[in-house]
Amino acid sequence: MLPCKWLRTLSVMIFMVKGATGALDLDINDRDSIRAAAKITAKNMMSYYDGHEPGQIPGKLRDTWWEGGAMFMTLIQYWYWTGDDTYNDMVRQGMLHQRGRNDFFPRNSSTYLGNDDQMFWGLAAMTAAELGFPEGYPGANEHNEKKKKKKDPSWLSLAQGVFNTQMPRWDESACGGGMRWQVWPYQGGYTTKNAITNGGLFQLAARLGRYTKNETYIHWAEKIWDWSATTPLLRADGKWTIADTTSVENECRDHGDQQWTYNYGAYIGGAAYMYDLTNGGKKWRAGIDGLLGTTWGEFFKVDNTMSEIGCERSVTCDRNEDMFKGFLSSWLTFTTTMAPWTVDAVMLRIQQSALGAARQCHDDKSCGRRWNKDAWDGTSTMESDMSALSVFSSAMRPFKPGAQPMTPKTGAFSASNPNAGMDEDFDPEKQRNITDRDCASASLLTVLFVLLWIWGFIWTVFGNEQMPQCSPPSCPYA
Ligand SMILES: *[C@@H]1O[C@H](CO)[C@@H](O)[C@H](O)[C@H]1NC(C)=O
Ligand SMILES: *[C@@H]1O[C@H](CO)[C@@H](O)[C@H](O)[C@H]1NC(C)=O
């Protein structure tokens, strides 16, 4: 309690002034300053998460499933760049709880998932494998010894599980290939093929290929890139633009040209892994340089500071879109570790963007979204925090000169299981009563889809969380 009234009034006034203008301090050349800003932002972001608390669902954020994967990926990168392991146990618990049958297709969510949703969790697991993130549930070793339980799946195997369950969904019934955006025919977006789904899977395949040297992944990475380049999703003919969507009805000749940061990040990042994997492949260097050129021109026009031009000026960004700048930040930053000639151009822009993000963040509040504004834009969301956290973590890059995603040769220890996500891995107690042979039968598939549709309907109407397991993801359903 302060001694007299005027002093209290004064302190309230000081607090208000500070509250109004109190952007985060950030000295971009000072490691501790960046760490401190990142730590505050991580804490703000995690104030929206309660999955680690008793009675809550680990890995689940309110009204969204995919954002959990994005959040954990961001936290793994945060740990890698800053060394702060505050959230590691929550990440391990949340990721393992949501792993489904080691494929990040958990039954609670699998009826409404997009391929890109599942893919993001796969990228999170891949990130954990490459950065040497601790494996298993927190305290896994003790736990395993006592209960003689099967070991928790490795991060790498979970990324493989996503790959293994997505590849059968590669769809040649239209456009000569490509992944559809959504998994199920009853979902709006099933007839769309979009950039993040294909670019993200391209990146996942490239990363699996670089880590394991398994030709299957490398082949698929090439194939997804090359297929994308036959559509407006990736104009590799010198234009180097990425359309957000194209549609099956028009044999992928139409294009939804919304420009989003993360689409560019997905393809650039994947190309950097391919460049490294191929010891300097010209194709990949051309892709990186071409797409970076467009990225700078589109998203970094003002003060070299990143802007989500598709929604910021029109003030229409939704919670998904608020995260995209964070993905571009981290993927560009990892690109510099494998495509070293990009480092100056990228880091200049990461640093400017981090300074802009700091202007949008407040010590005690969440961050706003418009990094190229001088003052706080008045918004504050968990997702903007995530983007800010990602760009702060990325700004640590100059203090870790030897940084690079690892492979087993350079110290990675996450074990491979090329069959992950396929049947032998999963709990017989929860065995669904549909076998893979049945899956092959087209007539059964039809019945299955009708049932699914009904389940989906019941679920929507009655909100029944305990709905039965839907179709196994390993079932192809062209
Ligand atoms: C699925 O929902 C149940 C009931 O709410 C919950 O106990 C369980 O943890 C959830 N599982 C996942 C993977 O979210
Ligand atoms: C390579 O990956 C594919 C696809 O996951 C798998 O079927 C195959 O067994 C793997 N090969 C090796 C040598 O691990």
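Gln 77, Thr 127, Glu 130, Arg 207, Tyr 273, Ser 330, Trp 331 and Phe 334 line the largest cavity of this predicted model. The elements giving two or more residues to that lining are H5 and helix H12 (324–338). Of the two, H12 provides the largest share, with three residues. The space inside the largest cavity comes to about 40 Å³. Sorted by class, its lining has three nonpolar, three polar and two charged residues.

How many cavities of 30 Å³ or more does a search of the whole structure find? The search finds two. The second largest cavity also has a volume of about 40 Å³. Its lining is made up of Met 73, Thr 74, Gln 77, Met 323, Gly 326, Phe 327, Ser 330, Met 386, Ser 387 and Ser 390. Three elements give two or more residues each to this lining: helix H3 (66–82), H12 and helix H14 (382–394). The class division here is four nonpolar, six polar and no charged residues. Gln 77 and Ser 330 occur in the lining of the largest cavity and again in that of the second largest cavity.

Open space is represented here by the second largest pocket, which has a volume of about 360 Å³. Of the 17 residues lining this pocket, Asp 116, Trp 181, Tyr 262, Asn 320 and Phe 324 are the closest to its centre. Which helix gives the most to the lining of the second largest pocket? Helix H5 (residues 115–131) does, with three residues. H5 is also among the elements that give two or more residues to the lining of the largest cavity. The pocket lining has seven nonpolar, five polar and five charged residues.

Ligand 1 has four residues listed around it: Ile 57, His 97, Gln 98 and Asn 108. By class, this shell has one nonpolar, three polar and no charged residues. The table gives the distances between polar side-chain atoms and an oxygen atom of ligand 1.

| Residue | Partner | Distance |
|---|---|---|
| His 97 | oxygen atom of ligand 1 | 2.8 Å |
| Gln 98 | oxygen atom of ligand 1 | 3.0 Å |
| Asn 108 | oxygen atom of ligand 1 | 2.2 Å |

Taken on its own, ligand 1 has 360 Å² of accessible area, and the protein covers 65% of that area.

The remaining topic is the covalent links between cysteines. A search of the whole structure finds three disulfides. One of them is formed by Cys 175 and Cys 252, whose sulfur atoms are 2.1 Å apart. Why is this disulfide right-handed? It is right-handed because the torsion about the S-S bond of Cys 175 and Cys 252 is about 75°. The pair links distant parts of the chain, with the two positions 77 residues apart in numbering. Cys 175 belongs to the loop between helix H7 (155–166) and strand S1 (192–194). Cys 252 belongs to the loop between strand S2 (245–247) and helix H10 (261–277).

Terms used: Residues are numbered from 1 along each chain as its sequence is written. Chains are lettered from A and ligands numbered from 1 in the order in which they are written. This is a predicted model: local features need pLDDT of at least 70, side-chain atom pairs count only at pLDDT 80 or more; totals for chains, interfaces and linings use all residues. Side-chain values use heavy atoms; hydrogens and water are left out. On a 1 Å grid over the protein atoms alone, a cavity is a set of points where a 1.4 Å probe fits but cannot get out, and a pocket is an open set with protein on both sides within 12 Å along at least five of seven lines; lining residues have an atom within 4 Å of a point. Grid points are joined across faces, edges and corners, and a volume is the space filled by probe spheres set on the points. Helices (H or I, at least four residues) and strands (E, at least two) are DSSP runs, numbered from the N terminus. Ala, Val, Leu, Ile, Met, Phe, Trp, Tyr, Cys and Pro count as nonpolar, Asp, Glu, Lys and Arg as charged, and the others, Gly among them, as polar. A residue is near a molecule or strand if one of its heavy atoms lies within 4 Å of it. A polar contact is a pair of N or O atoms within 3.5 Å; within protein, one must be able to donate a hydrogen and the other to accept it, and residues adjacent in sequence count only if both atoms are side-chain atoms. Accessible areas come from the Shrake-Rupley method with a 1.4 Å probe; for residues, only the protein chains shown count as cover. A disulfide is a pair of cysteine sulfur atoms within 2.5 Å.
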